[in-house]
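Q: I am new to this structure. Please take one part of it, look at it closely, and then lead me on from there to the rest.

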Amino acid sequence: MDKKVYILDASSIIGGFYSKEYINIMPSSAVSEIKDINSKMLLEQIIASGNLIIEDIIGSDEELKISLKSSGDYMRLSDTDRDIIRLALKYTRDNYNVLVVTDDYSMQNTLKILKIPFRSIITKGINSIVKWQRICKGCKKEYDPEYPEDDCEICGSTIITKRVKNKRQGNI
């Protein structure tokens with residue numbers, strides 16, 4: 001038996017994708033993001049046919065936070081994104097062949113860092129890892145991704161999140 005599982009986000013259902021052959025799993029937070037009537041009807045059909053399991057993982061995402069600290073991605077992820085990634089981590093640890101289906105670029109960047117396979121449905125998807133840095137717009141002081149303030153402690157200017165170009169593709 002092939003232990004393959006698809007972890008779906010809302011964009012997969014909106015794009016009409018789900019596997020008829022393997023297990024599909026989605027957190028309830030992603031289900032709540034599906035608003036249009038056609039996607040809701042498809043979702044209900046998939047659930048009724050037994051092809052989709054709604055599963056939530058309750059707990060800490062310290063592992064995720066630690067893994068993503070250097071990239072700056074943790075702060076860019078929504079709660080739903082984190083739910084999806086926690087499901088992917090759980091099933092990866094349980095020795096499933098996991099494929100996350102998402103068009104979200106921040107989530108794809110995170111999955112690439114965590115070495116979890118993904119695919120896009122509507123968009124092209126990312127090719128390389130992107131690193132993010134919080135920087136003061138005025139004096140250019142660099143801040144930790146978890147720095148809680150929006151204003152610089154030195155000059156008072158706004159702190160922005162900026163994409164940092166990698167010298168070597170795929171490395172952070």
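A: Just after helix α5, Asn95 takes a positive phi of about 65 degrees. Most residues other than glycine have a negative phi. Asn95 is not a glycine, yet its phi is positive. The model is a predicted one. Asn95 belongs to the loop that runs between α5 (79-93) and β4 (97-101). Asn95 is exposed, because its relative accessibility is 63%.

Now step back into the helix before that loop. Eleven of the 15 residues of α5 are buried, so the helix is mostly covered. The buried set begins with Thr80, Asp81, Arg82 and Asp83. Next come Ile84, Ile85, Arg86, Leu87, Ala88 and Leu89. Tyr91 completes the set. The length of α5 fits as well. Its end C-alpha atoms are 21 Å apart, which agrees with the 21 Å that 15 residues should span at 1.5 Å a residue.

Tyr91 leads on to the aromatic rings. How many aromatic pairs does the count come to? The count is three. One of them is tilted: Tyr6 and Tyr22 lie 6.3 Å apart, centre to centre, with 40 degrees between their planes. Tyr6 sits in strand β1 (residues 4-8), and Tyr22 sits in the loop between α1 (10-14) and β2 (23-26), so this pair ties together parts that are 16 residues apart in sequence. Tyr6 counts as buried because its relative accessibility is 10%. Tyr22 is partly exposed, since its relative accessible area is 23%.

Tyr91 and Tyr96 make another aromatic pair, and this one is edge-to-face. Their ring centres are 5.1 Å apart, and their planes are 80 degrees apart. Tyr91 has a relative accessibility of 10%, so Tyr91 counts as buried. Tyr96 has 25%, so Tyr96 counts as partly exposed. Tyr96 has a charge over its ring too. The charged end of Lys3 sits there, 4.6 Å from the ring centre. Elsewhere, Tyr6 and Tyr22 join Phe17 in one aromatic cluster.

Asn95 has a counterpart in another loop. Lys115 is not a glycine, but it has a positive phi of about 60 degrees. Lys115 is placed in the loop between α6 (105-114) and β5 (118-119). Lys115 counts as exposed because its relative accessibility is 73%.

Compare the cover of α5 with helix α3. Helix α3 covers residues 37-48, twelve residues in all. From its first C-alpha to its last, α3 reaches 16 Å, close to the 16 Å expected at 1.5 Å a residue. Which residues of α3 are buried? They are Ser39, Leu42, Leu43 and Ile46. Seen down the helix axis, the buried residues of α3 fall within an arc of 100 degrees, so they line one face. An α-helix has 3.6 residues a turn, so residues three or four places apart point the same way. The face of α3 turned away from the buried side carries exposed residues. These are Ile37, Met41, Glu44 and Ala48.

Next, look at a sheet. Three strands form an open sheet in the order β7-β6-β8, and the pairing is antiparallel. The edge strands, β7 (142-143) and β8 (159-164), each pair on one side only. Strands of a sheet pair through backbone hydrogen bonds, either parallel or antiparallel. Strand β6 (residues 131-136) pairs with β7 over two bridges, in the antiparallel sense. Ile135 has Glu142, in β7, as its bridge partner. A charge sits over a ring here as well: Lys141 lies over the face of Tyr143, at 5.0 Å from the ring centre.

The cysteines come last. A disulfide is a covalent bond between the sulfur atoms of two cysteines. How many disulfides does a search of the whole structure find? It finds zero. Cys139 is in no disulfide, and the nearest cysteine sulfur, that of Cys152, is 3.7 Å away. Why does this pair not count? The two sulfur atoms would have to lie within 2.5 Å. Cys139 is partly exposed, because its relative accessible area is 35%. Cys152 is likewise in no disulfide, with the sulfur of Cys139 3.7 Å away. Cys152 is buried, because its relative accessible area is 6%.

How values were computed:
Residues numbered from 1 in each chain as written. Predicted model: local features only at pLDDT ≥ 70, side-chain atom pairs only at ≥ 80, totals over all residues. Heavy atoms only, no water. Helix = DSSP H or I, 4+ residues; strand = E, 2+ residues; numbered from the N terminus. Buried < 20%, exposed > 50% of the residue type's maximum accessible area, 1.4 Å probe, protein only. Pairing = 2+ DSSP bridges. Phe/Tyr/Trp six-rings, centres within 6.5 Å; stacked < 30°, edge-to-face > 60°. Lys NZ or Arg CZ within 6 Å of the ring centre and 35° of its normal. Expected span 1.5 Å × (residues − 1). Arc of directions from axis to C-beta.
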